[in-house]
Amino acid sequence: MKETNHITGSGVSLSGTPLPLPSLDGKTFYIKTFGCQMNVHDSERMAGLLSEEGARPVSEPGEADIILVNTCTIRDKADQKALSDLGRIRQVRKDGPESVLAVTGCMAQREGEEIFRLVPDVDLILGPSQIRNLIPLLDTVSRDHQRVDGTLWPPPDMTTPPALRPPGITAFVTIQEGCDKSCAYCVVPSTRGAERSRPARDIFQEAEELVSLGYREITLLGQNVNGYGHKGDSSGASFPELLRRLSEISGLHRIRFTTSHPNDMSDELIEVMASSAKVMPHLHLPVQSGSDRILEKMQRGYTLETYRQWVTKVRKNISGVSLTTDLIVGFCTETEEDFRQTMEAVEEFCFDGAFSFIYSPRPSTPAHAWADTPSREVAVERLERLQKLVEKQAEARNGKLVGQEVEILVEKWDEENSMAIGRTPQFQTVRAHVDAPSSPPFPGDLVQVRITQASRTGLRGRLSPNA
Ligand code: SF4
């Protein structure tokens with residue numbers, strides 16, 4: 001079994017000069033990603049760093065010299081999925097001293113060295129804020145033939161690693177990392193660290209480069225994306241200012257952002273969303289519960305009334321806006337009355353979509369030690385009731401679009417079925433039949449589609465003849 005290397009800052013000479021790193025020319029890598037968009041984009045950035053060193057991606061772990069499993073730990077189920085996948089991958093990984101198996105992401109950060117005990121074949125662990133250290137960390141593993149706990153390395157600066165994105169029309173751009181809020185159930189502040197914003201000029205430059213490569217829509221990512229500029233060096237820009245500046249980029253059709261926090265909402269943001277044709281009318285604003293008692297216990301920092309006031313302003317000012325949310329059921333001490341208030345809130349706000357989950361206690365969070373969590377059976381039954389309501393609302397909302405004309409940004413062309421696939425400004429997926437496939441729309445085009453069919457999960461339509 002390999003020893004664990006606790007050296008911090010390896011890859012730097014005693015005089016502080018970075019040591020030259022060996023090239024990864026000819027090496028192959030495979031990345032498996034679990035979790036949210038932040039993780040998807042972190043994987044793109046790790047792929048970018050590896051490609052810059054000469055490594056190339058492969059689609060099977062058995063063909064890779066370097067395997068990265070980028071984990072999520074938001075719920076216990078996420079941990080179990082990653083561990084089960086690691087069990088499969090360790091069976092097929094290449095033999096030999098050149099082969100490296102690394103666990104990255106939030107579970108790696110939270111579990112630390114425990115990962116080496118749970119999966120003894122793992123050579124390297126690193127957390128989300130250690131991505132920029134990936135290459136020197138890999139170098140240390142190969143050079144010293146030791147396991148390395150990269151979560152102990154000093155955090156690198158905020159320079160953005162290059163991302164290797166799949167070719168396409170839409171791209172993620174991280175603008176803010178970490179979180180300074182203290183929701184009682186959430187592991188993110190301890191896995192992704194304190195909140196910090198990227199300089200606006202770097203974001204602007206990255207967006208311009210993406211447009212020059214053919215991307216037409218960007219999604220700005222941050223744990224509390226609308227709090228951009230509150231912490232760190234944003235070059236003095238606020239979030240609404242950043243959106244305004246990005247809207248001026250020629251060739252960029254659409255800008256989205258996620259996830260927003262109710263306490264970071266502002267009138268100025270609503271004004272930008274209402275007035276800019278490029279900022280899409282879709283707001284993901286997690287409410288989590290409809291009970292003020294539970295919101296307080298969750299330490300969310302707002303009441304249902306504050307949330308209601310923002311919803312009212314958003315709906316009043318942003319034409320055709322779609323509002324989606326996150327909901328947790330079965331939090332510590334949640335009673336049937338608390339849950340009834342959540343159902344009432346969902347009825348009232350009539351969300352356009354919701355991600356809903358059963359509360360999953362996470363180690364190292366305040367709520368982990370709290371008692372009085374509803375039984376699994378009770379939580380499952382509440383979740384089912386909630387999801388039925390959300391689905392009914394989504395079906396009714398989509399049904400209203402039948403017969404209407406909507407604009408979609410074409411993301412793919414399905415030649416076999418003569419279908420253009422894209423999304424509405426409100427983020428609904430549309431599959432649109434094209435009557436004259438000899439001149440199909442190109443990915444990246446904005447086209448008008450008449451909606452002919454609707455279901456809970458998506459829309460079908462026909463490209464409008466005058467499109
Ligand atoms: S705002 Fe709350 S739920 Fe969201 S990442 Fe921060 S602590 Fe977690």
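Partly exposed means a relative accessible area between the buried limit of under 20% and the exposed limit of over 50%. The legends below use these classes for a predicted model.

**Figure 1. Confidence along the predicted chain.** Mean pLDDT is 91. Of the residues, 94% reach 70 or more. Residues 6-20 stay under 50. For that stretch the model has 18 contacts beyond four places in sequence.

**Figure 2. Residues around the ligand.** Cysteines in this shell include Cys179, Cys183 and Cys186. Lys181, Tyr185, Val188 and Pro189 are also among the residues there. Gln223, Asn224, His261 and Arg300 complete the list. By class, six residues are nonpolar, three polar and two charged.

**Figure 3. Helix H1, residues 37-52.** H1 has 16 residues, which at 1.5 Å a residue should span 22 Å. Its end C-alpha atoms lie 22 Å apart, so the model agrees with the expected value. Twelve of the 16 residues are buried, and H1 is mostly covered. Among the buried ones are Met38, His41, Asp42, Arg45, Met46 and Leu49. Just after the helix, Gly54 takes a positive phi of about 105°.

**Figure 4. A network of salt bridges that includes Asp42 and Arg45.** Both residues are buried in H1. They are linked with Arg132, Glu177, Arg192 and Arg196 in a network of salt bridges. The whole structure holds 40 salt bridges.

**Figure 5. The Arg90–Asp121 salt bridge.** The side chains meet at 3.0 Å, N to O. Arg90 sits in helix H2 (residues 76-92), and Asp121 in the loop between helix H4 (114-118) and strand E6 (124-126), so the pair ties together parts 31 residues apart in sequence. Arg90 has a relative accessible area of 33% and is partly exposed. Asp121, at 25%, is partly exposed because this value falls between the 20% and 50% limits.

**Figure 6. The Glu206–Arg165 salt bridge.** Here the N to O distance is 2.6 Å. The pair links distant parts of the chain, 41 residues apart. Glu206 belongs to helix H7 (residues 200-212). Arg165 lies in the loop between strand E7 (147-149) and strand E8 (170-174). Glu206 is buried at 11% relative accessible area. Arg165 is buried at 15%.

**Figure 7. The Glu336–Arg382 salt bridge.** The side chains meet at 3.4 Å, N to O. Glu336 is in helix H12 (residues 336-349) and Arg382 in helix H13 (residues 376-399). They are 46 residues apart, and the pair links distant parts of the chain. Glu336 is partly exposed, with 39% relative accessibility, whereas Arg382 is buried at 5%.

Definitions and conventions: Residues are numbered from 1 along each chain as its sequence is written. This is a predicted model: local features need pLDDT of at least 70, side-chain atom pairs count only at pLDDT 80 or more; totals for chains, interfaces and linings use all residues. Side-chain values use heavy atoms; hydrogens and water are left out. pLDDT is the predictor's confidence in each residue, from 0 to 100. Contact means heavy atoms within 4.5 Å. A residue is near a molecule or strand if one of its heavy atoms lies within 4 Å of it. Ala, Val, Leu, Ile, Met, Phe, Trp, Tyr, Cys and Pro count as nonpolar, Asp, Glu, Lys and Arg as charged, and the others, Gly among them, as polar. Helices (H or I, at least four residues) and strands (E, at least two) are DSSP runs, numbered from the N terminus. The expected span of a helix is 1.5 Å times one less than its number of residues. Buried means under 20% relative accessible area, exposed over 50%, partly exposed in between (1.4 Å probe, protein chains only). A salt bridge is a side-chain nitrogen of Lys or Arg within 4 Å of a carboxyl oxygen of Asp or Glu.
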